[in-house]
Amino acid sequence: MTALTTRGALASEWIKLRTVRSTYLTLLLAAATAVLVGTLDAASAADAWDSWTPERRATFDPVRYGFSGGFYLAVLAVGTLGVLAASAEYGTGLIRTTFTATPRRRQVFTAKVLTTGLLALACGQLLSFTTYFLGQAQLAAHHLDVPLGAPGVLRAVLQTGLFFAVLALTGLALGFIVRRPAGAVALLFGLFFVLPPLLGTISDRAARWTLQTAFESMTSTVTTANHAPSATALPACALHLAVLLGTAALLVRRRDV
């Protein structure tokens with residue numbers, strides 16, 4: 001059997017990713033929760049605006065409001081896509097065939113990182129811009145909308161889409177490390193939801209470096225007591241990816257299948 005080239009490895013991983021049902025199911029769940037919940041949240045804010053207190057109005061973020069509840073589930077769905085892209089082959093035993101066709105395991109790992117990351121990035125940008133425009137349409141009835149060119153708005157929308165790729169690659173790394181979908185998804189959930197409040201009880205400064213806090217900062221355009229754009233958001237994402245992907249790459253090369 002002739003070993004695959006780098007281009008062949010990329011083509012192979014792309015075929016795997018786009019021909020399995022889990023890819024479409026996770027992306028459909030991400031789209032439904034992000035767009036529908038985000039639009040409904042914006043409509044709810046517009047309807048309830050007159051009953052809000054002046055304090056609540058002062059802290060209202062017309063961009064981040066649509067990127068709250070629904071997007072937390074959406075990014076976890078995309079993170080699950082990353083987990084399955086890595087761990088599913090270990091469960092079925094197909095990973096042996098993959099490494100036989102491509103003995104240089106680094107090529108397989110890099111191909112999975114590129115295909116999963118780029119797909120998540122493209123879908124994330126599509127969903128973030130769609131949710132933004134639909135949400136602003138709901139807020140426009142009460143003149144609460146903000147244009148894309150307003151300070152911080154384009155940054156927040158772009159970074160929201162970028163975070164999809166961050167979570168997908170986090171899930172991919174955990175999938176390679178744990179090798180079992182259930183365990184990797186549980187670890188992803190804990191890393192995103194459980195770790196931030198635990199670290200917050202120890203140090204607010206440490207909590208700023210968690211993925212959830214980074215996401216809240218990246219989607220914010222209004223500074224409040226709880227959410228504010230932070231210079232540590234992107235470095236926190238880069239640090240998580242460097243540690244997790246670096247660990248995953250090392251284990252892929254050294255562990256038996």
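**Close-up views of an all-helix predicted model**

**View 1. Glu13, a buried residue and its polar partners.** Glu13 is buried, since its relative accessible area of 4% falls under the 20% cut-off. This is a predicted model, and in it Glu13 sits in helix H1, which covers residues 6–19. Two polar contacts of the Glu13 side chain are worth finding here. One, of 3.0 Å, links the side chain of Glu13 with that of Lys16. The other, of 2.7 Å, links the side chain of Glu13 with that of Lys112.

**View 2. The wider surroundings of Glu13.** Which residues does Glu13 touch, not counting residues up to four places away in sequence? They are Glu89, Thr98, Val108, Ala111, Lys112 and Thr115. Lys112 therefore appears twice in these views, as a residue that Glu13 touches and as a side-chain partner in a polar contact of 2.7 Å.

**View 3. Val108, a contact of Glu13.** Let us move to Val108, which belongs to helix H6 (residues 105–139). Is Val108 buried or exposed? Val108 is buried, because its relative accessible area is 2%, under the 20% cut-off. Setting aside neighbours within four places in sequence, Val108 is in contact with Glu13, Thr98, Phe99 and Thr102. You can also look for Gly8: its C-alpha atom lies 9.9 Å from that of Val108, although 100 residues separate the two along the chain.

**View 4. Helix H7 and the residue just after it.** Helix H7 takes in residues 153–178, 26 residues in total. From its first C-alpha to its last, H7 reaches 37 Å, close to the 38 Å expected at 1.5 Å a residue. Most of H7 is covered, with 20 of its 26 residues buried. Just after H7 comes Arg179, where phi is positive, at about 75°. Confidence in the chain is highest in H7, at a mean of 97, and lowest in helix H9 (residues 204–207), at 85.

**View 5. Stepping back to the chain.** How many helices and strands does the chain have? There are 11 helices and zero strands. The radius of gyration is 20 Å, close to the 18 Å that the globule rule gives for 257 residues, so the chain is as compact as a globular protein of that length. Along the principal axes, the C-alpha atoms fill a box of roughly 70 × 40 × 30 Å. Of the 257 residues, 47% count as buried. The average pLDDT of the chain is 92, and 96% of the residues score at least 70.

Methods: Residues numbered from 1 in each chain as written. Predicted model: local features only at pLDDT ≥ 70, side-chain atom pairs only at ≥ 80, totals over all residues. Heavy atoms only, no water. Helix = DSSP H or I, 4+ residues; strand = E, 2+ residues; numbered from the N terminus. Buried < 20%, exposed > 50% of the residue type's maximum accessible area, 1.4 Å probe, protein only. Polar contact = N/O pair within 3.5 Å; in protein donor to acceptor, adjacent residues only side chain to side chain. Contact = heavy atoms within 4.5 Å. Expected span 1.5 Å × (residues − 1). pLDDT = per-residue confidence, 0-100. Rg over C-alpha atoms; globule rule 2.2 N^0.38 Å.
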